[in-house]
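Here is a quick tour for anyone opening this entry cold. Have a look around first, then read on.

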Protein chains: 2
Amino acid sequence: MDMNLPKNLVNPYDTELFAAMCKALAHPARIMIVNYLQQIDRCLCGDIVDMLPLAQSTVSQHLKCLKDAGFIKGEVDGPRTCYCLDKTMLKKFSLMVDALGKPTSERLWR
Amino acid sequence: MDMNLPKNLVNPYDTELFAAMCKALAHPARIMIVNYLQQIDRCLCGDIVDMLPLAQSTVSQHLKCLKDAGFIKGEVDGPRTCYCLDKTMLKKFSLMVDALGKPTSERLWR
DNA sequence: CATCTTTATCGTCATTCTACGATAAACGAT
DNA sequence: ATCGTTTATCGTAGAATGACGATAAAGATG
């Protein structure tokens, strides 16, 4: 998205990235997954399927969405996949959200 | 969304709310609007239309979306509407995002 | 090797989102 | 009262999302 504003007022690159991060979290099932992983550290896809009232294929889709956005990592282990949070990414997201409520001059990210 | 997990592990109410907040921010144009309002404090709808490469009706739609989620407030002034951020809401969102990366026991919100 | 378990992907359908132009509504100005 | 300005809403078209079942793929197990 091209903006009609001087660079010192906006940052289109971060805007796109930040919107994409929000989008990845913009569904209750995906929030549930992140919460769950936060609390049990790591688990198999099947565990998440058991927790959510959704079909296995749907859960797999949500996991892909979170993985593509960088919020979770999946480690293949035989026929299974073990998922865990990427806390670095969560931290980054948290910093960007903080920045949203502060003037540019006080922001820690670019 | 109904979960198959004990209450001590999840919080469906907050999950829905948080997902809705993320959704409201899950578009570059809406991030731009929040950023813009952060930097100029308050402005008319028309100013935002000038900034964004979008039709007036589309911008109005995005503003409604942010307003419905509580991130901005609109004060009608004659035929105009003056928009500004609701920093309380941004703060709340920020706290919820922080919580996402922490165990339940350390969370400041319910 | 045949079978079972686990997960990812495909195809599909219904819904939601995003964009636009057209129009209505609210008011200020002439 | 009429006209111009500003903004919200309506209708709509196309794209994206979210759900599912079916199926493929990758190993384990008998």
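Start with one small detail: a polar side-chain atom of K23(B) sits 2.8 Å from a phosphate oxygen of DNA strand C. Keep in mind that this is a predicted model, and that goes for every value below.

What else touches that strand? The side chain of Y83(A) puts an N or O atom 2.4 Å from a phosphate oxygen of DNA strand C. S57(B) does something a bit different in kind, with a polar side-chain atom 3.1 Å from a base oxygen of DNA strand C. The elements that each give two or more residues to the surface near DNA strand C are α3 (45-51), α4 and β3 (80-85) of chain A, along with α4 of chain B.

Zooming out, DNA strand C is surrounded by 22 residues, and the closest are Q56(A), Y83(A), K23(B), A55(B) and H62(B). Sugar or phosphate accounts for 58% of the strand C atoms within 4 Å of the protein, with bases making up the rest.

Now for DNA strand D. Here too, 22 residues surround the strand, the closest being H62(A), G46(B), Q56(B), S60(B) and Y83(B). Of the strand D atoms within 4 Å of the protein, 59% are sugar or phosphate and the rest belong to bases. At least two residues apiece come from α4 (56-69) of chain A and from α3 (45-51), α4 (56-69) and β3 (80-85) of chain B. By class, this surface has 7 nonpolar, 11 polar and 4 charged residues.

Three side chains put a polar atom by a phosphate oxygen of DNA strand D:

| Side chain | Distance to a phosphate oxygen of DNA strand D |
|---|---|
| K23(A) | 2.9 Å |
| T58(A) | 2.8 Å |
| S60(B) | 2.8 Å |

Then there is the protein-protein side of things. How many residues of chain B are in contact with chain A? There are 43 of them, and they meet 43 residues of chain A. The two chains bury about 3,700 Å² between them, 69% of it on carbon and sulfur atoms. The side of chain B that touches chain A draws at least two residues from each of α1 (12-24), α2 (28-40), α3 and α5 (87-100) of chain B. The largest share, 9 residues, comes from α2(B). Sorted by class, that side of chain B has 25 nonpolar, 10 polar and 8 charged residues.

As for polar links, 4 residue pairs are in polar contact across the interface of chain B and chain A, counting pairs with both residues at pLDDT 80 or more. The number of salt bridges found there is 0.

Methods. Residues numbered from 1 in each chain as written. Chains lettered and ligands numbered in written order. Predicted model: local features only at pLDDT ≥ 70, side-chain atom pairs only at ≥ 80, totals over all residues. Heavy atoms only, no water. Near = heavy atom within 4 Å. Polar contact = N/O pair within 3.5 Å; in protein donor to acceptor, adjacent residues only side chain to side chain. Helix = DSSP H or I, 4+ residues; strand = E, 2+ residues; numbered from the N terminus. Nonpolar A, V, L, I, M, F, W, Y, C, P; charged D, E, K, R; others polar. Contact = heavy atoms within 4.5 Å. Buried area = accessible area lost by both parts, 1.4 Å probe. Salt bridge = Lys/Arg side-chain N within 4 Å of Asp/Glu carboxyl O.
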